[in-house]
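User: Hey, I'm new to this one. Can you walk me through it?
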Amino acid sequence: MLRLVRMLFGRGRRWPNVLAEEGVVFSGCGFMGPVRIGYRSYANDSFFRNCEIGRYCSIGRRASIGAAKHDPTALSTHPDF
């Protein structure tokens, strides 16, 4: 298993809750909560919150993963419920 390393991301800011395997490139991205990123994945100018990104993933510009808070066990996420 490849060791997980803490990395510097985006515009020179340190993200202490981000664990990334080697070869990861996430430039201009925002992170909130614990985020794990797999080997050789990359993204530009996106937002990630409380998620795990697998290995060899390419994520499009301005993607937003895990940004909304909702109950995943609910029947629906519609406001009427």
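Analyst: Sure, one term up front: buried means under 20% relative accessible area, exposed over 50%, and partly exposed in between (1.4 Å probe, protein chains only). This is a predicted model, where local features need pLDDT of at least 70, side-chain atom pairs count only at pLDDT 80 or more, and totals for chains, interfaces and linings use all residues. Residues are numbered from 1 along each chain as its sequence is written, and side-chain values use heavy atoms, with hydrogens and water left out.
User: OK, so is D45 buried, exposed or partly exposed?
Analyst: D45 is partly exposed, because its relative accessible area is 32%. D45 has a positive phi of about 50 degrees, though it is not a glycine.
User: Why point that out?
Analyst: Because most residues other than glycine have a negative phi.
User: And what phi does R40 have?
Analyst: A positive one, about 60 degrees, and R40 is not a glycine either. R40 counts as partly exposed because its relative accessibility is 47%.
User: Switching topic: which residues have the most contacts inside the largest nonpolar core?
Analyst: F26, F31, V35, I37 and F48, in a core of 13 residues. A nonpolar core is a set of buried Ala, Val, Leu, Ile, Met, Phe, Trp, Tyr and Cys residues joined through side-chain atoms within 4.5 Å.
User: What about E21, buried or exposed?
Analyst: E21 is buried, because its relative accessible area is 7%. A polar atom of the E21 side chain lies 2.8 Å from the backbone nitrogen of Y39.

Definitions and conventions:
A polar contact is a pair of N or O atoms within 3.5 Å; within protein, one must be able to donate a hydrogen and the other to accept it, and residues adjacent in sequence count only if both atoms are side-chain atoms.
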